[in-house]
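Student: I'd like a close look at one single part of this model, followed outward into its surroundings. Please give me the cut-offs as you go.

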Amino acid sequence: MTDCIFCKIVNGEIPGDRVYEDDRVIAINDINPQAPVHILILPKSHIKSVMEIDSDNEDILSHIFKVACRLAAEKGIDRKGFRIVNNCGEEGGQTVDHLHFHLLGGRFMEWPPG
Ligand code: AMP
Ligand code: ZN
């Protein structure tokens with residue numbers, strides 16, 4: 001998608017601090033980190049939100065979670081714990097309309113979220 005910031009990071013038009021990449025996803029450090037570890041995992045293809053997941057593309061979700069857990073182990077936050085977050089839509093707090101999951105860790109996570 002031409003005016004999508006995450007598509008632009010995927011195709012190299014704008015820089016992203018990549019910590020992982022494979023044929024289906026990239027992971028980047030969040031530009032405005034909310035925890036010592038704050039990584040975004042996103043599909044290379046433009047999917048607007050979890051509301052666009054269907055039987056044709058649902059495999060991307062398990063892949064994203066596997067990558068997130070691998071990164072959690074690499075960053076050393078797997079033993080103490082971490083949080084994986086998806087914001088969907090305006091009231092859900094989604095500000096970039098390209099599906100992504102936040103991997104947050106390295107500090108105690110409060111509940112309920114704000
Ligand atoms: P959300 O609010 O759930 O849509 O999350 C969007 C996230 O993208 C926010 O945490 C932003 O800090 C982050 N973000 C926006 N632009 C960039 C960028 N160029 N590189 C890395 N992270 C970004
Ligand atoms: Zn996009």
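**The zinc site and its surroundings**

Tutor: Let's start from the sequence: the donor residues of the zinc ion (ligand 2) follow the spacing C-x2-C-x38-H-x51-H. A donor here is an N, O or S atom within 2.8 Å of the metal (3.2 Å for Na, K and Ca), and sites may look incomplete because water is not among the atoms. Before going further, note that this is a predicted model, in which local features need pLDDT of at least 70 and side-chain atom pairs count only at pLDDT 80 or more, while totals for chains, interfaces and linings use all residues. Residues are numbered from 1 along each chain as its sequence is written, chains are lettered from A and ligands numbered from 1 in the order in which they are written, and side-chain values use heavy atoms, with hydrogens and water left out.

Now to the site itself. Cys 4 and Cys 7 each offer SG to the zinc ion (ligand 2), while His 46 and His 98 each offer ND1, and these protein donors lie 2.0 to 2.3 Å from the ion. The angles subtended by the 4 donor atoms run from 105 to 117°, so the arrangement is tetrahedral; four donors earn that label if all angles lie between 85 and 135 degrees. The two histidines link distant parts of the chain: His 46 sits in the loop between β3 and α2, His 98 sits in the loop between β4 and β5, and they are 52 residues apart. The element names come from DSSP runs numbered from the N terminus, with helices being H or I over at least four residues and strands being E over at least two.

How do the two histidines compare in burial? His 98 has 0% relative accessibility and therefore counts as buried, whereas His 46, at 28%, counts as partly exposed. The cut-offs, for a 1.4 Å probe and protein chains only, are under 20% relative accessible area for buried and over 50% for exposed, with partly exposed in between.

A residue to look at beside these is Asp 97, which is also found in the loop between β4 and β5. Asp 97 has a relative accessible area of 40%, so it is partly exposed. Setting aside residues up to four places away in sequence, Asp 97 touches His 46, Ile 47 and Lys 48, where contact means heavy atoms within 4.5 Å. Asp 97 and Ile 60 are 37 residues apart along the chain, and their C-alpha atoms are separated by 17 Å.

Following the chain on from that loop brings us to β5. This strand spans residues 101-105 and pairs with β4 in the antiparallel sense over 4 bridges; two strands pair if DSSP finds at least two bridges between them. Along this pairing, Val 85 has His 102 as its bridge partner, and Ile 84 stands opposite Leu 103. With β3, the antiparallel pairing of β5 runs over 5 bridges, and there Ile 41 faces Phe 101. As for burial, 5 of the 5 residues of β5 are buried. Both of its faces are covered, with Phe 101, Leu 103 and Gly 105 on one side and His 102 and Leu 104 on the other.

Leu 103 also leads us to helix α2, where Ala 72 is found. Beyond its neighbours within four places in sequence, Ala 72 contacts Leu 103 along with Ile 77, Asp 78 and Phe 82. Ala 72 has 0% relative accessibility and so counts as buried. From Val 50, Ala 72 is 22 residues away in sequence and 22 Å away in space, C-alpha to C-alpha.

Stepping back to the sheet, its 5 strands are antiparallel and form an open sheet in the order β1-β2-β3-β5-β4. The edges are β1 (18-21) and β4 (82-85), each pairing on one side only. At the β1 end, β1 and β2 form a hairpin with 3 residues between them. Their antiparallel pairing covers 3 bridges, with Tyr 20 partnered by Ala 27 in β2.

Finally, the whole chain: it has 2 helices and 5 strands, arranged along the sequence as α-β-β-β-α-β-β. Its C-alpha trace spans about 40 × 30 × 30 Å along the principal axes. Of its 114 residues, 36% are buried. Among contacts between residues at least 6 apart in sequence, 54% join residues at least 24 apart.

Conventions:
Four donors count as tetrahedral if all angles lie between 85 and 135 degrees; four count as square planar and six as octahedral if opposite donors are over 155 degrees apart and all others between 65 and 115; anything else is irregular.
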